[in-house]
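Student: I've got a fold open on my screen and a few things to ask about it. Can we go through it together?

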Amino acid sequence: MTRLILVLGDQLSDDLPALRAADPAADLVVMAEVMEEGTYVPHHPQKIALILAAMRKFARRLQERGFRVAYSRLDDPETGPSIGAELLRRAEETGAREVIATRPGDWRLIAALEALPLPVRFLPDDRFLCPAEEFARWAEGRKQLRMEWFYREMRRRTGLLMEGGEPAGGKWNFDAENRKPAAPDLLRPRPLRFEPDAEVRAVLDLVEARFPRHFGRLRPFHWPTDRAEALLALDHFIRESLPRFGDEQDAMLADDPFLSHALLSSSMNLGLLGPMEVCRRAETEWREGRAPLNAVEGFIRQILGWREYVRGIWALSGPDYMRSNGLGHSAALPPLYWGRPTQMACLSTAVAQTRDLAYAHHIQRLMVTGNFALLAGVDPAEVHEWYLSVYIDALEWVEAPNTIGMSQFADHGLLGSKPYVSSGAYIDRMSDYCRGCAYAVKDRTGPRACPFNLLYWHFLNRHRARFERNPRMVQMYRTWDRMEETHRTRVLTEAEAFLGRLHAGEPV
């Protein structure tokens with residue numbers, strides 16, 4: 001009896017559990033480009049193009065391995081509107097009575113598959129280094145689920161950067177060495193760029209025709225779309241940029257969006273690269289003396305620590321997590337996030353870069369766009385939808401905890417011990433954005449006062465009952481209380497006026 005083997009667009013791995021369970025001679029692999037997956041949020045055109053191109057190449061790879069593949073293209077008039085519709089169509093064609101699927105990383109899609117009038121057997125996605133069940137066991141009974149303790153456990157479990165049971169270099173992390181600003185450097189290596197082949201060009205034309213109103217520029221498009229290209233991108237990063245990664249990982253430059261970042265997250269999240277092979281490659285560079293420990297540890301922590309941690313939080317928390325709103329924020333997402341002009345140079349730069357590249361690194365996301373949304377009291381569900389829409393690597397399992405928990409502190413402190421908010425001083429210290437800004441980062445009040453300066457104190461004041469006893473925030477409240485009352489009143493009045501203009505849709 002034929003079974004349907006579902007392979008999704010972010011499951012493009014040769015060792016996918018559903019493929020391991022398949023009988024190539026009898027079962028039918030189902031892959032489908034459907035409009036619902038491109039429009040449930042308005043995904044960036046480059047993101048849609050990347051997934052469709054990678055799916056088409058992976059389907060051909062499966063056929064070369066001997067699998068029978070039923071592939072539905074978006075422009076085929078017979079293709080249904082959803083994954084579920086395509087599974088039912090293939091079941092009717094073949095008489096299949098069961099679907100085998102690797103559990104998706106999207107609660108919306110899990111619910112849709114569970115609702116089908118066709119049995120779906122989910123297999124755990126074991127491409128992660130910490131199975132969801134193991135994360136749940138680690139979390140059980142803990143008052144706080146802090147990433148640092150999880151990361152140390154993962155280091156011990158995998159042996160990465162360990163020496164005789166102790167962390168390499170005598171420390172678990174080297175954050176203190178990885179918070180440096182960067183300077184323009186014409187000799188800084190650039191990420192590897194891949195010119196679209198005929199298959200990718202055809203996908204770009206299709207996306208251009210079918211998703212003309214989605215935010216973001218489709219071309220130029222240079223992302224790796226198959227495993228061979230992803231391996232080349234990995235090799236290039238390891239050889240050229242990893243040694244500088246630690247020093248520059250938190251820095252921001254207006255004219256250098258990539259600095260020494262890897263740009264491998266999209267390849268990893270689609271399944272073209274495995275997390276352990278990436279970590280081992282980085283570890284080898286340190287052990288062979290080609291990259292410093294602070295760079296390698298910082299890079300591995302983002303994968304072994306943070307990536308695995310947020311996936312565990314997502315799996316543990318369930319579908320209601322996306323509706324979390326622990327601070328009761330309800331403002332609409334300002335139009336500047338969709339490209340409306342703003343005089344704030346940092347936001348203008350970060351949003352324009354996102355529009356053009358479908359990419360921004362973690363500090364741009366956390367301390368510029370995320371920080372501003374949190375200070376402005378934006379509904380975290382709208383912030384979540386924006387991040388899920390606009391970034392090339394944004395899949396629900398990784399994006400939602402980063403946004404709802406890390407960025408917006410909407411999960412009641414499940415993920416983070418404090419909200420990641422700052423005044424303009426942090427952005428000025430870590431970037432060159434403030435130099436050409438219409439606002440003055442040193443001004444605390446007045447017509448040119450940096451909005452981050454006003455909104456930072458406004459945020460702390462309106463959430464005082466929630467945070468004033470937080471050990472990591474006590475000092476900020478003491479600083480606020482030491483200010484003259486007339487100054488505090490002026491800050492709050494000007495912040496209210498700014499928020500009024502912002503939420504009324506006026507240019508800021």
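**Covered helix, core and overall build**

Tutor: Sure, and keep in mind that this is a predicted model. Let's start with helix α15, residues 380-390, which is mostly covered, with 8 of its 11 residues buried.

Student: Which helices do the buried residues of α15 pack against?

Tutor: The buried set includes Trp386, Tyr387 and Leu388, along with Pro380, Val383 and His384. Ser389 and Val390 complete that buried set. Their packing partners are α3 (45-64), α13 (345-357), α14 (362-375) and α16 (396-407).

Student: What about the largest nonpolar core: which helix gives the most to it?

Tutor: That core has 177 residues, and Met31, Phe299, Tyr309 and Phe372 touch the most other members. The helix giving the most to this core, with 11 residues, spans 293-317 and is α12.

Student: Which residues does Tyr309 touch, once those up to four places away in sequence are set aside?

Tutor: Tyr309 is one of the core members that touch the most others, so to speak a good place to look. With residues up to four places away not counted, its list is Phe135, Leu145, Arg146, Met147, Phe150, Leu414 and Leu415.

Student: Now Ser72: is it buried or exposed?

Tutor: Ser72 is found in strand β3, residues 68-72. Leaving aside neighbours within four places in sequence, it's in contact with Met31, Ala32, Glu33, Thr79, Glu86, Arg89 and Arg90. Its relative accessible area is 0%, and the cut-off is under 20%, so Ser72 counts as buried.

Student: And how many Å separate the C-alpha atoms of Ser72 and Lys180?

Tutor: Along the chain, Ser72 and Lys180 are 108 residues apart. In space, their C-alpha atoms are separated by 48 Å.

Student: Zooming out, what radius of gyration does the protein chain have, next to that of a compact globule?

Tutor: The C-alpha atoms fill a box of roughly 80 × 55 × 50 Å along the principal axes. With 508 residues, a compact globule would come out near 23 Å, so the chain agrees with that rule: its radius of gyration is 23 Å.

Student: What share of the contacts between residues at least 6 apart in sequence join residues at least 24 apart?

Tutor: The chain comes to 21 helices and 7 strands, and 59% of its 508 residues count as buried. Among those contacts, the share joining residues at least 24 apart is 74%.

Student: Last one: how far apart are the mean positions of the positive and negative charges?

Tutor: The chain has 66 positive and 69 negative charges. The distance between their mean positions is 4 Å.

How values were computed:
Residues numbered from 1 in each chain as written. Predicted model: local features only at pLDDT ≥ 70, side-chain atom pairs only at ≥ 80, totals over all residues. Heavy atoms only, no water. Core = buried A, V, L, I, M, F, W, Y, C linked by side-chain atoms within 4.5 Å. Buried < 20%, exposed > 50% of the residue type's maximum accessible area, 1.4 Å probe, protein only. Helix = DSSP H or I, 4+ residues; strand = E, 2+ residues; numbered from the N terminus. Contact = heavy atoms within 4.5 Å. Rg over C-alpha atoms; globule rule 2.2 N^0.38 Å. Lys, Arg positive; Asp, Glu negative; His and termini not counted. Charge placed at Lys NZ, Arg CZ, Asp CG, Glu CD.
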